[in-house]
Amino acid sequence: MPPSFVLYEPLLESDFAAAMDLWQSVEGVRATETSEEFAHYLKRNPGLSIAARANGQLIGAVLCGHDGRRGYLYHLAVAAAYARQGIGAEIVSRALAGLRQAGIARCTIFVIRGNEQGRLFWLKSGWRIREDLEPLAIDLQPME
């Protein structure tokens with residue numbers, strides 16, 4: 001059970017800098033959004049991305065959204081000082097509840113190769129590896 005002093009609420013546009021700092025501080029998380037991309041994602045998926053706060057500070061976050069058919073979680077991270085207290089699991093639970101409420105039947109995550117700690121978190125949480133798919137990507141804009 002996560003600590004009772006943690007407040008869970010929607011991630012806000014004003015959380016951009018703190019979220020990027022958090023995501024960049026956690027091994028195995030790769031976040032490259034610009035503030036404009038972050039704001040656009042939150043506007044397109046209102047209330048689905050979750051922030052965890054302690055004493056007004058962002059200590060955990062995930063981007064959550066959907067395309068009308070499938071849900072996606074990106075960049076789940078919890079600050080090291082608060083890790084292994086159930087905060088990440090609670091963030092995910094709340095994000096998935098939002099997707100269910102929106103009528104989304106399946107959610108996908110992408111785990112960076114070599115992120116064994118993250119991979120184990122997801123597998124222990126009931127997620128499964130999709131062996132029938134191989135991700136492919138194309139850049140539509142120059143990547144920085």
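Five strands make up an open sheet here, lined up in the order S1-S2-S3-S4-S5, with mixed pairing. Keep in mind that this is a predicted model. Helices H1 and H3 both lie across strands of the sheet: H1 across S3 and S4, H3 across S1, S2, S3, S4 and S5. There is also a nonpolar core of 40 residues, the largest in the structure, and a search for disulfides comes up with 0.

**The sheet**

- The edges are strand S1 (7–10) and S5, each of which pairs on one side only.
- Ignoring direction, neighbouring strands are turned by 25° against each other on average.
- S1 and S2 run antiparallel and are joined by 4 bridges; Glu 9 has Ala 51 in S2 as its bridge partner.
- S2 and S3 also pair in the antiparallel sense, over 5 bridges, and Ile 50 stands opposite Val 62 in S3.
- The hairpin of S2 and S3 has 2 residues between the strands, and Asn 55 takes a positive phi near 55° there.

**Strand S2, covered on both faces**

- How much of S2 is buried? The count is 5 of its 5 residues.
- In a regular strand, side chains alternate between the two faces of the sheet.
- For S2, Ile 50, Ala 52 and Ala 54 are buried on one side, while Ala 51 and Arg 53 are buried on the other.

**The helices**

- H1 runs at about 95° to S3, whereas H3 runs at about 160° to S4.
- In H2, the buried residues are Phe 38, Ala 39, Tyr 41 and Leu 42.
- Those four cover an arc of only 160° around the axis, so they sit on the same side of H2.
- That fits the general pattern: an α-helix has 3.6 residues a turn, so residues three or four places apart point the same way.
- What do the buried residues of H2 pack against? Their partners are H1, S3 and S4.
- Turned away from that buried side is a face with the exposed residues Glu 36, His 40 and Lys 43.

**The nonpolar core**

- Leu 11, Leu 22, Trp 23, Leu 73, Ile 87 and Ile 91 have the most contacts inside the 40-residue core.
- The helices giving two or more residues to this core are H1 (16–25), H2 (35–44) and H3 (87–101).
- Strands S2 (50–54), S3 (57–66), S4 (70–78) and S5 (106–109) also give two or more residues each.
- Leu 73 is worth clicking on: leaving aside neighbours within four places in sequence, its contacts include Val 62, Leu 63 and Cys 64, then Val 92, Ala 95 and Leu 96.
- Leu 73 is also in contact with Cys 107, Thr 108, Ile 109 and Phe 110, plus Trp 122 and Trp 127.

**The cysteines**

- With 0 disulfides found in the whole structure, where does that leave Cys 64 and its nearest cysteine sulfur? Cys 64 is in no disulfide, and the nearest cysteine sulfur, that of Cys 107, is 5.9 Å away.
- Cys 107 is likewise in no disulfide, with the sulfur of Cys 64 as its nearest at 5.9 Å.
- A disulfide calls for two cysteine sulfur atoms within 2.5 Å, so a pair at 5.9 Å does not count as one.
- Buried or exposed? Cys 64 is buried, with a relative accessible area of 0%.
- Cys 107 has 17% relative accessibility and counts as buried, because the cut-off for that is under 20%.

How values were computed:
Residues are numbered from 1 along each chain as its sequence is written. This is a predicted model: local features need pLDDT of at least 70, side-chain atom pairs count only at pLDDT 80 or more; totals for chains, interfaces and linings use all residues. Side-chain values use heavy atoms; hydrogens and water are left out. Buried means under 20% relative accessible area, exposed over 50%, partly exposed in between (1.4 Å probe, protein chains only). A nonpolar core is a set of buried Ala, Val, Leu, Ile, Met, Phe, Trp, Tyr and Cys residues joined through side-chain atoms within 4.5 Å. Contact means heavy atoms within 4.5 Å. Two strands pair if DSSP finds at least two bridges between them. Axes are lines fitted to C-alpha atoms, for helices over the stretch in contact, and angles run from 0 to 180 degrees between N-to-C directions. The arc is that of the directions from the helix axis to the C-beta atoms.
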